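Good morning, colleagues. Please bring up the sequence and the model on your screens, and I will then take you through a selection of its features.

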Amino acid sequence: MDFTGSGGANDLHNNQFYPCEENKPLLGEMSEGNNNNTKPSAGPCKRSLHHCSSGGGMRYKLLHEGDIQVCVVKHPRTFLSKILTSKFLRRWEPHHLSLADGSLTSATPTGYMETSLSYSFIEDLQLLSWDNAPKYCVQLSFPGGTVLLQAANSYLRDQWFHSLQWKKKIYKYRKVLNNPSRWDVVLKEIRALVDMALTSPLQDESIYQAPLHIISTLLAENSNLSTQDHENIIVAIAPLLENNHPPPDLCEFFCKHCRERPRSMVVIEVFTPVVQRILKHNMDFGKCPRLRLFTQEYILALNELNAGMEVVKKFVHSMHGPTGQCPHPRVLPNLVAVCLAAIYSCYEEFINSRDNSPSLKEIRNGCQQQNERKPPMPLRLLRPEPPPPPPPNAIVNPTHPQPPAPAPPNPAASIPFSSSPPPPPPCVVTSSEILVELERNNNSANARRKDGPAAVEREPNLIDRLLVSPAASTLSIQLPAQADRVLGCFALILKMLSDYDDWRPALASLLQPIPFPKEALAHAKFTKELKYVIQRFAEDPRQEVHSCLLSVRSGKDGWFQLYSPGGVACDDDGELFASMVHILMGSCYKTKKFLLSLAENKLGPCMLLALRGNQTMVEILCLMLEYNIIENKDTQLQIISTLESTQVGLRMYEQLCDRQRELKELQRKGGPTRLTLPSKSTDADLARLLSSGSFGNLENLSLAFTNVTSACAEQLIKLPSLKQLNLWSTQFGDAGLRLLSEHLACLQVLNLCETPVTDAGLLALSSMKSLCSLNMNSTKLTADTYQDLKAKLPNLKDVDVRYTEAW
């Protein structure tokens with residue numbers, strides 16, 4: 001049916017029965033101004049007008065489509081009252097109607113809804129009820145007729161009414177604001193649009209997003225607006241932003257305003273609650289990258305104020321809250337994501353030029369195609385000494401010399417005392433040189449790790465890629481002034497985040513994979529700023545924090561490697577390195593594996609710090625001797641000389657010698673083969689017993705129902721012949737299991753029933769290949785760990801997992 005026809009006597013019809021919406025402001029429902037004390041002219045039908053209220057009335061979901069009964073009446077407006085009062089009303093048709101952006105359409109375009117009904121043709125929209133007529137009707141008046149929509153109940157009728165009214169009004173606002181003429185009128189219409197969205201009884205995300213999209217389109221198409229107009233529009237739409245994220249186009253407009261007018265009061269008064277909501281509620285910046293960019297520009301605008309750094313600190317503190325625990329779990333990851341992206345942007349020019357240089361894998365495989373690449377962009381890098389001629393087997397850049405290739409260091413041979421020469425003037429090198437890594441530094445160390453054939457093909461670690469050599473360790477990048485300010489601002493935020501105790505575990509976990517570009521790690525200013533964060537991690541006694549100093553997985557480097565002597569980020573004599581070793585050794589990392597890695601890579605710095613009286617390093621050297629980590633006799637003698645050169649070292653070395661004599665006496669053949677300690681025995685009782693004679697023949701030890709803890713593992717690992725160990729109902733935990741797994745490789749039977757061990761300690765048992773009987777009854781064993789142990793312990797025959805998750 002054609003809805004565009006026109007009928008007669010429109011003025012009489014509108015004045016008597018249907019207040020025309022074209023004569024009303026766009027804001028509001030049926031105008032309260034029409035609710036004067038005058039009543040409509042008496043007629044044969046009674047009609048009640050239902051109005052929307054912004055109070056605490058019913059709330060409705062915005063309809064986009066639905067099934068409803070439709071009746072269309074074509075009539076001259078002067079005869080409408082006769083039609084409405086007739087007992088035989090026209091026939092009803094069922095239709096599935098869709099409320100599109102511009103019209104009301106049917107899924108089956110036949111009958112009454114053969115053609116769509118444009119919102120622009122709807123003159124009036126009302127809820128009607130009359131005597132002796134079908135209930136729950138919505139009336140749509142168009143030129144020359146009326147469309148009646150009948151719902152199943154009053155709630156659906158009201159839902160259809162408010163949804164149609166919203167679609168009609170938003171359509172009109174879109175047309176008005178797409179063709180602006182006078183900006184004072186446009187601003188008035190924007191305020192009315194915002195008020196309409198705020199007072200609507202509809203509850204839907206699009207109720208707030210649709211006006212924001214209309215305004216963002218308006219701003220994008222009229223970029224020549226004055227600054228005052230910009231601020232007026234931002235203030236007008238501020239109420240919509242209190243509970244809604246701005247759309248992408250509006251984020252771009254906000255970013256531009258932050259860059260051009262960072263000191264505007266709009267930034268503080270309007271943008272602050274918007275950014276706070278983004279940080280508290282955003283779930284994924286990957287889906288909304290412009291929200292992250294807006295947050296970044298807002299923080300930079302705060303930094304441009306007179307007391308910029310203090311304002312940024314107050315903002316971060318307001319996001320955390322005054323209590324010791326931040327109530328919003330999304331704030332920290334969102335702030336870290338903004339900081340990482342901002343820091344990345346500081347080095348973007350260098351990264352883009354690096355992408356045109358040959359990759360490490362191409363260089364290693366001899367597949368470099370220099371002619372097919374764009375010429376590398378020169379980077380402003382400082383080098384402390386001119387590069388020597390490249391070695392014969394190195395890949396040479398035809399335009400720039402290669403960085404030097406130092407010989408592999410032998411940390412056990414000597415202790416470095418030499419000072420670096422004064423730096424010569426800076427020189428310019430190319431970005432391709434950043435990627436042409438000199439792997440000869442760590443070839444010998446990689447070979448000692450005994451990783452098998454896979455180690456030859458393994459990608460070099462981060463230290464290799466950062467050119468850890470006397471020349472490259474002082475490599476620095478010069479940033480532009482603006483990028484330098486951005487770096488300082490967001491590095492400060494990372495330092496602030498590390499000061500909050502409740503945020504530090506999550507922050508350490510987020511930064512553990514080292515999510516920074518290589519150029520940032522080669523920048524001395526950045527690593528110096530970040531050193532404070534790493535120091536906070538190293539000072540935290542919680543294992544979940546300081547364990548993040550190590551690499552996230554095997555074969556990769558962590559902050560421990562970067563900030564240790566010889567690492568690219570180390571700018572001191574090893575103070576931070578000593579702090580990290582101290583906290584790790586005081587936790588659960590007093591293991592052979594950890595000591596082996598120190599002996600292979602950091603023996604020289606350890607000996608130097610021990611020579612200077614560092615007690616942690618003295619203890620490290622003593623443990624290396626005690627656990628036979630160092631096999632080379634000359635290196636052992638040099639370690640002994642280092643220990644004897646200080647009072648603390650001499651005292652600890654003498655204690656080591658005493659322990660070794662006692663150990664030799666304990667391990668001397670003889671003594672019992674089976675031993676059971678009385679119940680309620682402690683760690684001290686076990687140590688006292690084992691120091692009383694020889695136990696070289698002890699094969700079976702029962703500590704069941706005693707009070708021993710993981711600390712007794714220090715005594716148990718001294719028993720060379722131990723094959724059966726019963727720890728039933730003791731307090732032996734994960735730390736003790738890790739120590740046993742490294743020293744008692746011949747253990748065959750282990751009873752851990754009713755002990756507090758968890759997956760973290762049980763996984764360490766996978767290295768005990770001789771285990772044939774394992775009791776994990778009533779422990780915190782999980783099914784995944786059980787399957788992993790069965791796969792890695794080929795001799796395991798007898799396993800008890802009752803009353804565990806794996807049962």
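**Helix H9 and its two partners**

I begin with a pair of helices: H9 and helix H11, residues 331–346, pack with their axes 10 Å apart and at an angle of about 80°. Angles of 65 to 115 degrees count as roughly perpendicular, and H9 is therefore roughly perpendicular to H11. On the H9 side, the contact is made by Arg292, Thr295, Gln296 and Ile299. On the H11 side, Leu335, Ala337, Val338, Ala341, Ala342 and Ser345 take part. By class, the residues of this contact of H9 with H11 are six nonpolar, three polar and one charged. I should state at this point that the model is a predicted one.

Helix H9, which spans residues 289–303, also meets helix H18, residues 481–497; their axes come within 11 Å and cross at roughly 100°. H9 and H18 are therefore roughly perpendicular to each other as well. Which residues of H9 and H18 make the contact? From H9 they are Gln296, Ile299, Leu300 and Asn303, and from H18 they are Arg485, Val486, Cys489, Phe490 and Ile493. The contact of H9 with H18 divides into six nonpolar residues, two polar and one charged. Gln296 and Ile299 of H9 are listed for the contact with H11, and they are listed again for the contact with H18.

**The chain as a whole**

Let me now step back to the overall picture. The protein chain has 807 residues, of which 50% are buried. Its secondary structure comprises 34 helices and 19 strands. Among contacts with a separation of 6 or more, 71% are between residues 24 or more positions apart. The chain exposes about 38,100 Å², and carbon and sulfur atoms supply 52% of that area.

**Strand E7 and its neighbours**

I turn next to strand E7, residues 137–142. Is E7 mostly covered or mostly open? It is mostly covered, with six of its six residues buried. Cys137, Gln139 and Ser141 point one way from the strand, while Val138, Leu140 and Phe142 point the other way, and the residues of both groups are buried.

E7 has pairing partners in E6 and E8. Strand E6, residues 124–128, runs antiparallel to E7 and is joined to it by five bridges; here Gln126 stands opposite Gln139 of E7. Strand E8, residues 145–150, is also antiparallel to E7, and that pairing extends over six bridges. Within it, Ser141 stands opposite Thr146 of E8. E7 and E8 form a hairpin with two residues between the strands, in which Gly144 takes a positive phi near 95°.

**A parallel sheet**

In what order do the six strands of the open sheet stand? The order is E14-E15-E16-E17-E18-E19, and the pairing is parallel. Strand E14, at 674–676, and strand E19, at 798–800, stand at the edges; each has a single partner strand, so one side of each is left without a neighbour in the sheet. On average, neighbouring strands of this sheet are turned by 5° against each other, ignoring direction.

At the E14 edge, the parallel pairing with strand E15, residues 700–702, covers three bridges. One position there is Arg674, whose bridge partner in E15 is Asn700.

**Individual residues outside the helices and strands**

Two non-glycine residues deserve mention for their backbone angles. Glu754 has a positive phi of about 60° and lies in the loop between strand E17, 749–751, and helix H33, 759–762. Its relative accessible area is 41%, and Glu754 is therefore partly exposed. Tyr803 also has a positive phi of about 60°, and it lies in the segment after E19. Is Tyr803 buried or exposed? At 56% relative accessibility, Tyr803 counts as exposed, because the cut-off for that class is over 50%.

The last residue I wish to discuss is Val552, in the loop between helix H22, 543–546, and helix H23, 559–562. Val552 is partly exposed, with a relative accessible area of 41%. Setting aside neighbours within four places in sequence, Val552 is in contact with Gln512 and Pro513. In addition, the C-alpha atoms of Val552 and Ser509 are separated by 9.0 Å, although these residues are 43 residues apart along the chain.

Notes
Residues are numbered from 1 along each chain as its sequence is written. This is a predicted model: local features need pLDDT of at least 70, side-chain atom pairs count only at pLDDT 80 or more; totals for chains, interfaces and linings use all residues. Side-chain values use heavy atoms; hydrogens and water are left out. Helices (H or I, at least four residues) and strands (E, at least two) are DSSP runs, numbered from the N terminus. Buried means under 20% relative accessible area, exposed over 50%, partly exposed in between (1.4 Å probe, protein chains only). Contact means heavy atoms within 4.5 Å. Accessible areas come from the Shrake-Rupley method with a 1.4 Å probe; for residues, only the protein chains shown count as cover. Axes are lines fitted to C-alpha atoms, for helices over the stretch in contact, and angles run from 0 to 180 degrees between N-to-C directions. Angles under 35 degrees count as roughly parallel, over 145 as roughly antiparallel, 65 to 115 as roughly perpendicular and the rest as oblique. Ala, Val, Leu, Ile, Met, Phe, Trp, Tyr, Cys and Pro count as nonpolar, Asp, Glu, Lys and Arg as charged, and the others, Gly among them, as polar. Two strands pair if DSSP finds at least two bridges between them.
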